[in-house]
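Biologist: Could you take me through this one and tell me what stands behind each label? I'd like to see the cut-offs beside the values.

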Protein chains: 4
Amino acid sequence: MSDLEVIEFRPERDQYAWTFGGAAPVATVRPPAVLEVFTEDAFFGRVRSETDLVSQVCEFPFVNPQTGPFYIEGAEPGDTVAVHFVSITPARDWGASTTIPLFGSLTGTHLTALLNEPLPELVWLWHFDQAAQTCRFTPRHGDFTVDMPMNPMHGTVGVAPASLEVRSALVPDAFGGNMDTPEMRAGTTCYLGVNVEGALLSLGDGHARQGEGETCGVAVETAMNTVLIVDLIKGTPCPWPRLETDDYIMTAGSARPLEDAFRIAQTDLIQWLAGHYGMDVMDAYQLVSQGVEAPLANVVDVNYTSIAKMPKRYLPSAPVMDGTHARLRESARAKS
Amino acid sequence: MSDLEVIEFRPERDQYAWTFGGAAPVATVRPPAVLEVFTEDAFFGRVRSETDLVSQVCEFPFVNPQTGPFYIEGAEPGDTVAVHFVSITPARDWGASTTIPLFGSLTGTHLTALLNEPLPELVWLWHFDQAAQTCRFTPRHGDFTVDMPMNPMHGTVGVAPASLEVRSALVPDAFGGNMDTPEMRAGTTCYLGVNVEGALLSLGDGHARQGEGETCGVAVETAMNTVLIVDLIKGTPCPWPRLETDDYIMTAGSARPLEDAFRIAQTDLIQWLAGHYGMDVMDAYQLVSQGVEAPLANVVDVNYTSIAKMPKRYLPSAPVMDGTHARLRESARAKS
Amino acid sequence: MSDLEVIEFRPERDQYAWTFGGAAPVATVRPPAVLEVFTEDAFFGRVRSETDLVSQVCEFPFVNPQTGPFYIEGAEPGDTVAVHFVSITPARDWGASTTIPLFGSLTGTHLTALLNEPLPELVWLWHFDQAAQTCRFTPRHGDFTVDMPMNPMHGTVGVAPASLEVRSALVPDAFGGNMDTPEMRAGTTCYLGVNVEGALLSLGDGHARQGEGETCGVAVETAMNTVLIVDLIKGTPCPWPRLETDDYIMTAGSARPLEDAFRIAQTDLIQWLAGHYGMDVMDAYQLVSQGVEAPLANVVDVNYTSIAKMPKRYLPSAPVMDGTHARLRESARAKS
Amino acid sequence: MSDLEVIEFRPERDQYAWTFGGAAPVATVRPPAVLEVFTEDAFFGRVRSETDLVSQVCEFPFVNPQTGPFYIEGAEPGDTVAVHFVSITPARDWGASTTIPLFGSLTGTHLTALLNEPLPELVWLWHFDQAAQTCRFTPRHGDFTVDMPMNPMHGTVGVAPASLEVRSALVPDAFGGNMDTPEMRAGTTCYLGVNVEGALLSLGDGHARQGEGETCGVAVETAMNTVLIVDLIKGTPCPWPRLETDDYIMTAGSARPLEDAFRIAQTDLIQWLAGHYGMDVMDAYQLVSQGVEAPLANVVDVNYTSIAKMPKRYLPSAPVMDGTHARLRESARAKS
């Protein structure tokens, strides 16, 4: 990786983006290149104690700040941007989680509009042990505590949307965005179809860890120091976000109701097998039906996100996405 | 209405907007004022015969052109814009309806992603009898024809969204937009909460008529000459689009799944009764449960739209929204 | 109607059915025949004052008592039972509506399982003016009252389900059941496909009136004296409930999410036009898209119910369902 | 386990049950007791080659045959039946999977009623290598094959429903039934709340393996020889199915839309933590939000099923469900 350009970027407070699309690029990237960035937490760093209630300290719509966007040189509609996460490291030794009125999967919300009283608004601070790579849950009532493994991840990574749109950083969709999947961890390559010239890539919303589905709507939110490699795959489109690790290929569908998110992810996985692996569509349907893993990502955001995760060992060997994951993986290893 | 300023605006081909938010205003309106506008059809006028297939003649995302946006002087977040439709008149003597691949409520779509083959792509031309105020259905097969009453309406009327967003003209949401409700006809006042300075009001998507739900995704699309009065209600917010006629108050919820659109509309109606009519929330819940009409608007767009429609004769008398509907209705009568 | 057999049936307290299917017939009907029946209200008559809370006075699952089932002589799977409502008359001069914990469209429920506190449990008594055909809303707080027109209807009418199932009287599905549509009023003929020998028809759940969607989950519940004519259409199946009046044909889809209920009703309407009216399916799709009315029935029950309602004046003339509605309508007129 | 009564039951062809509830018990079990049973595959053994299409060889509703029901002595409403799977062994050296018209998650269905043509109806035979514990995928087109690990499981295990209902063996709900989760494997204890005297437990629908979500609607279906231990927990209710292994507690929610299945499972998990582990509800909400795994079970059945899976190592130690899993686990070990 010594031969790759390295761009460091730590935004000033007034340099964050709050949308996918619609923000001016903070830097230009000539792919492949390494980005070393800082991302602020989803609260813009404003929840620091149990008395910092989101409804009081945050100022909507200025939540979920994005680092970026980065203009990817040469990226045009019909291409795919590849983002390989080399490392994602909490920049603080604590994170915060909260409930937020009218947000979360187990309460009425602005969209699931009900007459019930909202749930209590609460904050939980989680303390990290970087050596042990754990984070500690401390309840608001009672004295049971537990250390869970950290699994640092980015809730958001996305490009500018299609159709001339600008979307809030809280939205996951075909352009990526706020997918909130624990699969977006170090070692993962994320593929995103390019909708506008330069792609306009940004990322943020670091989570020290998160359950599948992000039940209460908020993970263990923290700032991150993240190293990623950005590459460009010319002439290969990517209709919905696709992920790749050494062991899996994955697709991410985002929609409501949740079964549509599932359908998108499963259909895109099958189309991937048909398109890049040369399988018959109906055979791919059968293979996926018996082999797929289907962990939920979020059931709380503007769109819900469902992951379809296929072990590579069940698939024919194929140099999908131009072998980009293997190449970036190699670059990452070379660096460390 | 002689004392109201009248603004005429017929866009040039390159003057249409394709989004809510994100487009520069075409004119400034000092409310109350009359707008006399031309709106092009949702196909940008490109479907003119049975051989003009949408997938071939339209150029995405340049569909559903909006006339506007108009900058409403004095409009600020927290205010409400009132749009009273004085007349909506087809500007041609025919309209077009179509099927579109992967669009409509009875087919797999980009979001309800399936493996089935798409439906056939077809065009139906509807011919209007302006004197009789009817439009004629002619099937593609067989010789049964029928004249249905025209019910000219606008599928879209909206303002710029909140949260720094820019949305495609195909989207209905809290900012209004592509709600596709037959209730948006002459005689109706539509209230829209202001999200940005100047509100940025636009409208389009004229339908000579449309069934409730817009089953195949496309109404009898036609260009319109429309007269509307625009007014501003300072200091009164409007969380979701509200409509008023001489006989009804209505709310429009847009979301997926469809039950959430229903919940939004019903909850907003109840909150309206509690807020402006002084009813207890649970009493309003009961009154609405027995008195409401619930026609669907669309079950095909990015969000589905459900209407909650309450006869005024079931309600206490109250000068809701500052009595704006009655006042604009009077202005409209004065004009004609 | 003088030539039709008349069966009167007023159940004893221990003669009601609580399910569709699974109950022994209370009488045999040789179609066509007239049934004159009494139906108890959905609370089994136990909510009689504002202090009679459902959770205290009702004994689950003994709610929504059904009058029947009636064994229809000659009915076999593949046939259709026709039920024409001649008159539906409240048997009391009052009705009751309530909220019920974890039930209704604007609250968390057993299925939309949330952590919020339930809504307050309340009762509203509605008093009827039979001469004026109105029912009076009296709020729990405040002194606004209003008289609404009565629209007596049956929330439930159904036959035994297919697939060896027995379903609670609270369920609407392909067998009919608890559809809760205001369209089930005097003058309507309801068609139900037969699933088991004798069909096992029952009905109940009288409503003095109900809003579309039945928002809080409970209409103005009352006992009814109802006259209906039952007929049998041999060799004609009916996949989902279909309704007919002098002016409309209608279909009723019941499912979750609500868009699936809509899809069922719309698809069945189109198939009806294709099957009985000889239209091309795509032409029927277009005609329905522009002509249909889509009032919601309920958005609260185990399945939600959506109605597709097509004016007959938009359709070719066709003797659908063997001209049964016209024939039963004539019999009804002959009687009165 | 030598001291437990062992009941062997291999049904004759006419002894299977096709419903949960409504069938006479085939045997009485005095808990705790061991059951050694044979279950036929979901096709009733009728799909044996690639030319055996389900629509031709199966006879609805006689699909998904259940072994049972077993009358559990002493079981009353308010109790919980525990079913511990000791071993689940394919009784044949092959299994079959298929597509079925109007069934599966990536096609229009009877409920997601569309106008598209159905997908092709196909059969795939999977051959097992019992020594290697693998099953072989052979495509219909092309020559790629792959061996996947077997993960023998039961798609269905359930008791009679509440509310006087009888449900098809294809239905998953609060009574268990056709949940189709790969978690129902050897080593798992499944808890089911009792709704009727004797509980009426049955099981079937063996799968050699299944992907999460069961995308095409059909797993690798095969007959099974299964050993289970049945126990009864008096006076402890279980509102939705709960599962326990050495490492996890799990809940299974079944509903439509899929987000409601998710909500049920997550809420029940939280209530479990509050009820049996003594946690504050809001603290449990937070702990689950960060710790839960959320694999989908099925997105194809009458209700969809979502699993909430919590590692025991994140929880306080608590003798949940009277320590039944540990005790049955011990009995199972003693046997082998």
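Below, the two of us go through the chain, a sheet, a buried residue and the contacts between chains.

Modeller: Keep in mind that this is a predicted model, where local features need pLDDT of at least 70, side-chain atom pairs count only at pLDDT 80 or more, and totals for chains, interfaces and linings use all residues. Residues are numbered from 1 along each chain as its sequence is written, and chains are lettered from A and ligands numbered from 1 in the order in which they are written.

Biologist: What makes chain A as compact as a globular protein of its length?

Modeller: The secondary structure of chain A comes to four helices and 21 strands; helices (H or I, at least four residues) and strands (E, at least two) are DSSP runs, numbered from the N terminus. Its radius of gyration, taken over C-alpha atoms, is 19 Å, and the globule rule (2.2 Å times the number of residues to the power 0.38) gives 20 Å for 336 residues. Those values are close, so chain A counts as compact as a globular protein of that length. Along the principal axes, its C-alpha atoms fill a box of roughly 55 × 45 × 45 Å.

Biologist: How many of the contacts in chain A between residues at least 6 apart in sequence reach across at least 24?

Modeller: That share is 75%. Contact here is a matter of C-beta atoms, placed from the backbone, lying within 7 Å.

Biologist: Why is Leu192(B) called buried?

Modeller: The label needs 20 or more other C-beta atoms within 10 Å of the residue's own (12 or fewer is exposed, in between is partly exposed, with C-beta atoms placed from the backbone). Leu192(B) has 25 such neighbours, so it counts as buried. This leucine sits in strand β15 (residues 189–193) of chain B. Leaving out residues up to four places away in sequence, Leu192(B) touches several others, including Thr80(B), Val81(B), Phe175(B) and Cys238(B). Pro241(B) is another of its contacts: 49 residues apart in sequence, yet 5.1 Å apart in space, C-alpha to C-alpha. As for chain A, buried residues make up 62% of its 336 residues.

Biologist: And what makes β7 of chain D largely enclosed?

Modeller: Four of the five residues in that strand (residues 94–98) are buried, so the rest of the structure largely encloses it.

Biologist: How do you know that β7(D) and β8(D) run antiparallel as a pair?

Modeller: Two strands pair if DSSP finds at least two bridges between them. Here five bridges join β7(D) to strand β8 (residues 123–129) of chain D, in antiparallel fashion. One of the bridge partnerships sets Trp94(D) against His127(D).

Biologist: Over in chain C, why are β7 and β10 the edge strands?

Modeller: The order in that open sheet of four strands is β7-β8-β9-β10 (chain C), with antiparallel pairing. β7 (94–98) and β10 (146–149) of chain C each have a single partner strand, so one side of each lacks a neighbour in the sheet. From one strand to the next, the twist averages 30°. β7(C) meets β8(C) over five bridges, with Ser97(C) bridged to Trp124(C).

Biologist: Which helix packs on that sheet?

Modeller: Helix α3 (residues 281–291) of chain B does, touching β7, β8, β9 (134–137) and β10 of chain C. Its direction makes about 120° with that of β7(C), where axes are lines fitted to C-alpha atoms (for helices over the stretch in contact) and angles run from 0 to 180 degrees between N-to-C directions.

Biologist: What makes chains A and D a two-fold pair?

Modeller: Copies are superposed by least squares on the C-alpha atoms of residues with pLDDT of at least 70 in both. A rotation of 180° with 0.0 Å of shift along its axis lays chain A on chain D, RMSD 0.0 Å. The two copies are thus related as by a two-fold rotation axis. In chain A, Pro295(A) comes closest to that axis, at 2.2 Å (C-alpha).

Biologist: How many residues take part in the contact of chain A with chain D?

Modeller: It involves 51 residues of chain A and 51 residues of chain D. α3(A) gives the most to chain A's side, with nine residues.

Biologist: And how many in the contact of chain C with chain D?

Modeller: There, 25 residues come from chain C and 25 residues from chain D. α2(C) supplies the largest share of chain C's side, five residues.

Notes:
Contact = placed C-beta atoms within 7 Å.
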